[in-house]
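Student: I have a structure open and would like to practise justifying the labels we put on it. Could you take me through the reasoning?

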Amino acid sequence: MHNYRAHSAGYNCATMSIFSGKRIILGITGSIAAYKGADLASKLTQAGAQVETVFSPGAEKFVTPLTFQSVTGRKAFTDAELWGGEAHVLHVGLGHSADLLIIAPCTANTLAKMAHGQADNLLTVTALAAECPTLIAPAMDGGMFAHPATQENVRILTERGVTFVGPAPGHLASGLVGVGRMSEPLEILGMARVTLGRKLGPLRGKRLVITAGGSLEPIDPVRVISNRSSGKQGYALAQAALEMGAKVTLISHPTALTAPVGVDLVSVETVQQMLEAVTSAIRAADGLIMAAAVADFRVKKVSENKLKKRDGIPQIELEAAPDVLAAVASLRGDVSRLKVVVGFAAESRDLLENAQSKLISKKLDLIAANDISAVDAGFAVETNRVSLLFADGRREELPLLSKDEVAEHILTRVTEFLE
Ligand code: CTP
């Protein structure tokens, strides 16, 4: 199992991948999208996985085992091995020792065989023998995917715990446009990460709500008051939480960042919307991490129409915006089952004193304090230097780390609260 504690203690090493040392069987079936399977094999290998490729007979018509052997550095198996000398137990060996089975692309035919327990080639035999989680990326004509028979097969497999990624809408090999394209390798990679995390990660079975970014408080229909938060730290927390096995609701104001695959994204703009989204999401959550830099003030009277220059310089009156963490504190133990609440303190002076008083006034279990006056830490940069202050008086000073490493460190502490 991936040791997150040992990992997060190694501050100077680059973020270790959940794929490191994992054995993944990659099934390739007879679809034109098989060529994208080679890209996926390459990405999984680069992420540290040991990838064993298994071809269905149809796959060999589109791509060759050599392609996959070249990118994975390992043997790619075909049906020739199923009927060969040593290989009568090959399927069992492959299936038993794997951490994850991915079938990408998966045709309607292989999908149907899997739903009904058929085992007439090395891939379907391996799938039947596999005891690990299974991830399927279907690829077929839109009409075939929409067919009640295929839909029923998807339902059967989903009920059995199989995870599906895609298919996506777009142009299909048939020349038609529909829902049947295999998802992009990056998306499948993201879903593989989530699937492995939910099997092996220390946060499996836990639900976290994570907020990210800043907020947009309207002045008039076109103007807003905002701040410099990029959302990077919150998105890194969401990604790390997914990899550690948590189900994650990410509540964020619009950012330039791509939401991690597998996250439940709730898009908000104002503090009021953030407050409503957070109070609703925490009802079923074990933990909340408020990484968003939410506004403290908002415009008292938002103009319905665009403010015009000819009317002179506007006098904009502000009022206090609701404090999300204060509202959460009043709900704790009542309507929410939250066991851990983490806040952030963005300070430009008296860092630890201010963070300590926020820890107490917002009734937090842990606060991550960062000095936003430093050029290499805080808003809109790739790194962060954070001190962790705990409600029981403990303190931890982390060195300058990437935001991914800070995220992993905070989540390791969150895991301890939830144990
Ligand atoms: N926060 C919140 N609701 C707000 C403002 C902030 O829940 N309206 C949360 C932030 O998400 C963060 C913590 O409170 O986790 C501290 O935010 P920060 O901006 O550092 O402190 P403030 O409470 O806003 O106080 P000040 O701006 O005076 O430092």
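Student: What makes the pair formed by the ligand and the side chain of Asp296 a polar contact?
Tutor: Let's compare the distance with the cut-off. This is a predicted model, and in it a side-chain N or O atom of Asp296 sits 2.6 Å from an oxygen atom of the ligand. A polar contact needs a pair of N or O atoms within 3.5 Å, so this pair qualifies. The side chain of Lys362 also places an N or O atom 2.6 Å from a ligand oxygen. With Leu325 the partner is a backbone N or O atom, 2.9 Å from an oxygen of the ligand.

Student: How much of the ligand does the protein cover?
Tutor: On its own the ligand has 560 Å² of accessible area, and the protein covers 78% of that. The elements giving two or more residues to the surrounding shell are α13 (324-331) and β17 (340-347). The most comes from β17, with 4 residues.

Student: Which residues around the ligand are the closest, and how is the shell made up by class?
Tutor: There are 15 residues around the ligand, and the closest are Ala292, Asp296, Phe344, Lys358 and Lys362. By class, the shell holds 10 nonpolar, 1 polar and 4 charged residues.

Student: Why is the pair of Lys36 and Glu184 called a salt bridge?
Tutor: In general, side chains of opposite charge can pair when their charged atoms come close. Here the closest N and O atoms of Lys36 and Glu184 are 3.2 Å apart. The cut-off is 4 Å between a side-chain nitrogen of Lys or Arg and a carboxyl oxygen of Asp or Glu, so the label fits. The two residues are 148 apart in the chain, with Lys36 in helix α2 (residues 34-46) and Glu184 in the loop between β8 (177-181) and α10 (185-200).

Student: How do you know whether Lys36 and Glu184 are buried or exposed?
Tutor: Lys36 has a relative accessible area of 12%. Buried means under 20%, so Lys36 is buried. Glu184 is at 40%, and because that value lies between 20% and 50%, Glu184 counts as partly exposed.

Student: What does the salt bridge of Asp286 and Arg337 tie together?
Tutor: Their closest N and O atoms are 3.5 Å apart. Asp286 lies in the loop between α12 (271-281) and β14 (287-290), and Arg337 in the loop between α13 and β17, so the pair ties together parts 51 residues apart in sequence. Asp286 is buried at 4% relative accessible area, while Arg337 is partly exposed at 43%.

Student: How many salt bridges does the structure hold?
Tutor: The structure holds 20. Another pair is Glu319 with Arg298, at 3.0 Å from N to O. This pair links strand β16 (residues 318-320), where Glu319 is, to strand β15 (residues 297-299), where Arg298 is. A network of salt bridges links Arg23, Glu52 and Arg74.

Student: Why can Ile225 belong to a surface patch if Ile225 is partly exposed?
Tutor: Ile225 has 31% relative accessibility, and patch members need over 30%, so Ile225 passes that test. With Phe297, Ile316 and Leu318, Ile225 makes a nonpolar patch of about 340 Å².

Student: And what makes Ala80 exposed?
Tutor: The relative accessible area of Ala80 is 57%. Exposed means over 50%, so Ala80 earns the label. Ala80 is found in helix α4 (residues 79-82).

Note on methods
Residues are numbered from 1 along each chain as its sequence is written. This is a predicted model: local features need pLDDT of at least 70, side-chain atom pairs count only at pLDDT 80 or more; totals for chains, interfaces and linings use all residues. Side-chain values use heavy atoms; hydrogens and water are left out. Patches are made of residues with over 30% relative accessible area and no salt bridge: like charges are joined within 9 Å, nonpolar side chains (Val, Leu, Ile, Met, Phe, Trp, Tyr) within 5 Å. Accessible areas come from the Shrake-Rupley method with a 1.4 Å probe; for residues, only the protein chains shown count as cover. Buried means under 20% relative accessible area, exposed over 50%, partly exposed in between (1.4 Å probe, protein chains only). A residue is near a molecule or strand if one of its heavy atoms lies within 4 Å of it. A polar contact is a pair of N or O atoms within 3.5 Å; within protein, one must be able to donate a hydrogen and the other to accept it, and residues adjacent in sequence count only if both atoms are side-chain atoms. Ala, Val, Leu, Ile, Met, Phe, Trp, Tyr, Cys and Pro count as nonpolar, Asp, Glu, Lys and Arg as charged, and the others, Gly among them, as polar.
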